[in-house]
Amino acid sequence: MPSKHLYSIRMRASARERHISGAERIIPEERIDATVSGLITRALSKGCAPDTIVVTLDSLKDVAPIQHRALDVVMLSVPDVRSGREMASRILQSLGVSDMAIELAMTHLDRGVSPSGNNMRGAMVLDASTGDRLEQDRERGVRASRFDWSDDGEKEITRLLTDAGLTHFRTREALALATKVAHAPGMVAELCWSDDPDYTAGYVASLAMGYVRFPVLKHRGNGKGGRAFFVDPDVFEMEAFLTYLQTRPVLITEAGQCRQVLDPKKFFT
Ligand code: COA
Ligand code: AMP
């Protein structure tokens, strides 16, 4: 019988002082060996030899993970970056994010989110009305951590995403992260496109509309990207937000629905 004793295991790898890979799991004690080995294999398979790999294990002690159902996934077919961003903006507007906040977020993501013009190490936090940046450290931002799929949830979502043609583990991990983030107190919506120059997909995620994935939100070859967390200024409290995102263990125990929308005009109908 599996032990009830759960651990958070986190891996990060860097080369020439740049972060190149990161992943995490929540697993029972008896899977520590296999999980550490899997994470190290992953760090070594980046195509660029890491100088440092750090694996951290923390017992969750008697803290039971919060259980969430994954956000529903909507795959929205858009032909190019312009139409992708237009639809992403319309969805954010319908969730109550102001035009100004959307424009500021997209401009930041395009230019490099941090003051030095680089990608941030986490997400920026924006007031959904004014677009004001609320995170304390604009080079670092805020990182969601301590989340994973349960075994059943992972099997279910892998089957659903594979049937939909989304076979990359990145989608599953981004969906887990987005599900944890969507449940944060004061959260309205998240906008993300990767900083990986070869990965053009992105998403808008929210409790109200699910995880809406776009095949293109940026041009191939562009190494700028990041995440914007839009929050409701009327209820937002930074301390509660950070405590939940950074420390509360979350297991995604169930997949949501998964559907494809081929004609973006039909998304709101
Ligand atoms: N980018 C750049 N630097 C990073 C980083 C990232 N994504 N994650 C960690 N680092 C570096 C930073 O220097 C950081 O110091 P900082 O806190 O001043 O920024 C340092 O590593 C320690 O980070 P920490 O978060 O304390 O490490 P950790 O070992 O507890 O967890 C991760 C590392 C990568 C597992 C965790 O931060 C994370 O991002 N988890 C989510 C992974 C995931 O599933 N992502 C889905 C993407 S699709
Ligand atoms: P990635 O999805 O790994 O390509 O990361 C894209 C961007 O998201 C990074 O450049 C960071 O700005 C941000 N980011 C990375 N990890 C996290 C995290 N755990 N929580 C919030 N934002 C993150």
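Mentor: Before we start, a residue counts as near a molecule if one of its heavy atoms lies within 4 Å of it. Also, keep in mind that this is a predicted model.

Trainee: Okay, so which residues come nearest to ligand 1?

Mentor: There are 17 residues around ligand 1, and Arg10, Glu24, Arg121, Arg140 and Arg143 come nearest.

Trainee: What does Arg10 do there, in terms of distance to an oxygen atom of ligand 1?

Mentor: Arg10 has a polar side-chain atom 2.6 Å from an oxygen atom of the ligand. Arg140 also places a polar side-chain atom by a ligand oxygen, at 2.9 Å. As for Glu24, an N or O atom of its side chain is 2.6 Å from a nitrogen atom of ligand 1.

Trainee: And how much of ligand 1 does the protein bury?

Mentor: The protein buries 72% of the 900 Å² that ligand 1 exposes when taken alone.

Trainee: Which elements give two or more residues to that shell?

Mentor: Those are β1 (6-15), β2 (18-28) and α5 (169-182). The largest share comes from β2, with 4 residues. By class, the shell has 8 charged, 6 nonpolar and 3 polar residues.

Trainee: Switching topic: which residues of α1 are buried?

Mentor: Ile32, Thr35, Val36, Leu39 and Ala43 are. They sit on the same side of α1, because they cover an arc of only 100 degrees around the axis.

Trainee: What's on the face turned away from the buried side?

Mentor: That face of α1 carries Asp33, Ala34 and Leu44, which are exposed.

Trainee: And what span should helix α1 have?

Mentor: Its 13 residues, 32-44, should span 18 Å at 1.5 Å a residue, and the end C-alpha atoms are 18 Å apart, so the two agree.

Methods
Residues are numbered from 1 along each chain as its sequence is written. Chains are lettered from A and ligands numbered from 1 in the order in which they are written. This is a predicted model: local features need pLDDT of at least 70, side-chain atom pairs count only at pLDDT 80 or more; totals for chains, interfaces and linings use all residues. Side-chain values use heavy atoms; hydrogens and water are left out. A polar contact is a pair of N or O atoms within 3.5 Å; within protein, one must be able to donate a hydrogen and the other to accept it, and residues adjacent in sequence count only if both atoms are side-chain atoms. Accessible areas come from the Shrake-Rupley method with a 1.4 Å probe; for residues, only the protein chains shown count as cover. Ala, Val, Leu, Ile, Met, Phe, Trp, Tyr, Cys and Pro count as nonpolar, Asp, Glu, Lys and Arg as charged, and the others, Gly among them, as polar. The expected span of a helix is 1.5 Å times one less than its number of residues. Buried means under 20% relative accessible area, exposed over 50%, partly exposed in between (1.4 Å probe, protein chains only). The arc is that of the directions from the helix axis to the C-beta atoms.
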